[in-house]
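Let's take a friendly walk through the inside of this protein, from its open spaces to its packed regions. Have the sequence and the model at hand as you read.

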Amino acid sequence: MNLIIEGLTKKFQKDQELSALDEAEAFEAFAGYCVLSGYHEDDFNPDQFRMGGGGDLGIDVAGVVVNGDLLSDADEVREAVQKAKQLDVRFVVIQAKRSEKFEAKVFTDLADNLVQVFRRESMTYKRSEDVANLRACIGAVYEDVSKFKKTLPRLSVHYVTTGRPGDSLLDEKRIAAAARLRDLNIFEDVEVLAVGTDELRDLYRKATEAVGASFTMPKQLPLPKISGVEQAFVGVLPARKLVEKILTDPNGGIRKVLFYENVRDFQGYNSVNGEIRRSLLDPDRRDSFAVLNNGITIVAREMRTAGEEVHIRDFQIVNGCQTCHVLFDQRENLTDGVYVNVRLIQSNDEDIIGGIIAATNRQTAVSEDDLAARESFHKKLEDYFAAQSEPRRLYYERRSRQYSGEASVERTRVITRPQLTKAYAAMVLDDPAGTGRYARLKSKYEKMLFKPNHDPRVYYTAAAAFYRLEWLFRNKRAFWGYRAARHHLLAALKARLVGTGLWPHGSAGKNACDKILDVVWNPLDSEYHFLELLSVVVGAQKEAEAERPGALLSDLVRTERFAERVRRGAVELPS
């Protein structure tokens, strides 16, 4: 392997706590992380997208980007497709080899295998469960083709080595592979790429940097000095420049990561957004856009200005999500006369940022429930996690990439809100079968999550169990292939150690936390218990497969029947 890439891979492996992977597997995860980060700028678990074992048909890593979200689970893809009114989809497939040269035949073989994977007919090749899950993702994407109002899905295939592309035969085979996949007539476009040492280094650098943007803002007015704010401007920006320089990611999609702090996701073309679109399409009104629309607010942790040039880094659009999505969607209809009001604020004060978000969103029709993203309980959780002693310290991420610039924070110890919500629902609310769909989970348990009177210790306990189990998935081969059942394993641990049913209250609840924490923070004890519980999951899987031959584990775990089997088996295990 190339010496520089070998060093980067080892650093990546250490950062991601992937010590159990051999050199080839670590390089697959590294290559997948580099390539997938080019299509999704938010943090993700790279090992989750790696295929495993035989029958993977040369596919080492695969991901599906649905309207900006990077997904790997068929049920998650199905949910994203069902809730979307229109779809923008990209399939990303990666084959990674440590070799310092490219083999032209790999393109031919990979294209042949992908034709099998993407065609509607049954596969004639033997395939792994991971490939079966990928086919289920594909089926979910094409379930309602009427949602592809602008473009069909795109396919990006990457052959990664530590060599340097440039061979003419390699290029011929690459072009031929792309043509063969286009002949399926189910893609808007197909790109087949050779990724070598130089490209990998560049992709890794971009993947580990905070989001940045540079643009010209000729009409700006500095605001007076504000406590907690380093500098602030108001001004107008051409809508085209906003879309091109700020909203568009390197692959032409909208940068979803910019809206993590915005309390609402894009609401589609409801009455308000429909009116924004109509004003852009009306020749008599579009030039008045700056006075018809409230504009957007950008908060940056770093900002430099030089005359009209503005450079921002580690920034979020905290208000204006709806406006930005409509502008991006209507980018072909934007003219030179369309301007957007922009408020630019540089601050690292979380209280100031929270106040800006709350104030700007209350000026629109956002309910108090929508503003829960900034309630003090989340800050309390963040402080509670970080206050634990060093061996047991975790970090609760309240905003996207919150800890990306802190070298002292291990990435694997950062717990995101979706991860915590699912772990809490599985262990505390005893609903592991309902954790697959985050949006549905939040809606179902809206009145039972992140309440001011809740004990942070319980959330921390669920997070600690999740962290330990994820460590086992990464580092113990016995667990590989069972990630789909992770929330059942969490619920089973709770059932075995403290009993079934809802979480106990008072001193009994504290004792339950202590009992679980003593196990999960002891590497030997936790591995012992989770291995015992894994045997229960395997048994439940065999029972379920007898009733539903050929069903994927990712489908079986969504049923309460499966959950009850695991729950019962966990309680029946000998002490």
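Helix H2 (23-37), strand E1 (61-66), helix H5 (129-141), H17 and H20 each supply at least two residues to the lining of the second largest pocket. Please keep in mind that this is a predicted model. Of these contributors, H5 gives the most to that lining, with 5 residues. The pocket holds about 900 Å³ of space. Its lining counts 41 residues, and the closest to its centre are Gln48, Arg50, Asp130, Gly481 and Arg483.

There are enclosed spaces too: the structure holds 2 cavities of 30 Å³ or more. About 40 Å³ of space lies in the second largest cavity. Pro432, His488, Ala491, Ala492, Ala563, Val566 and Arg567 form its lining, with H17 and H21 as the elements that give two or more residues.

Here are the two linings side by side, by residue class.

| Space | Nonpolar residues | Polar residues | Charged residues |
|---|---|---|---|
| Second largest pocket | 15 residues | 12 residues | 14 residues |
| Second largest cavity | 5 residues | 1 residue | 1 residue |

Now for the packed regions. In soluble globular proteins, nonpolar side chains tend to be buried together. Here the largest nonpolar core has 61 residues, and Phe385, Leu394, Leu420, Phe530 and Phe562 have the most contacts inside it. Two or more residues of this core come from each of helix H13 (376-386), helix H14 (417-427), helix H16 (456-475), helix H17 (486-498), helix H18 (506-520), helix H19 (523-547), helix H20 (553-556) and helix H21 (560-572). H16 gives the most to this core, with 12 residues.

Which residues does Leu394 touch, leaving aside its neighbours within four places in sequence? Leu394 is in contact with Phe385, Ala386, Arg413, Ile415, Tyr460, Ala463, Ala464, Tyr467 and Trp521. Apart from the largest core lies another, of 48 residues, with Leu87, Val106, Leu134 and Val157 among them.

One more helix deserves a look. Helix H11 (residues 321-329) is largely enclosed by the rest of the structure, because 9 of its 9 residues are buried. They are Cys321, Gln322, Thr323, Cys324, His325, Val326, Leu327, Phe328 and Asp329. What do these buried residues of H11 pack against? Their partners are helix H8 (239-247), helix H9 (271-281) and helix H10 (289-292), together with strand E9 (296-306), strand E10 (309-319) and strand E11 (339-346).

Terms used:
Residues numbered from 1 in each chain as written. Predicted model: local features only at pLDDT ≥ 70, side-chain atom pairs only at ≥ 80, totals over all residues. Heavy atoms only, no water. Core = buried A, V, L, I, M, F, W, Y, C linked by side-chain atoms within 4.5 Å. Buried < 20%, exposed > 50% of the residue type's maximum accessible area, 1.4 Å probe, protein only. Helix = DSSP H or I, 4+ residues; strand = E, 2+ residues; numbered from the N terminus. Contact = heavy atoms within 4.5 Å. 1 Å grid on protein atoms, 1.4 Å probe; cavity = no way out; pocket = protein on both sides within 12 Å on 5 of 7 lines; lining within 4 Å. Points joined across faces, edges and corners; volume = space filled by probe spheres on them. Nonpolar A, V, L, I, M, F, W, Y, C, P; charged D, E, K, R; others polar.
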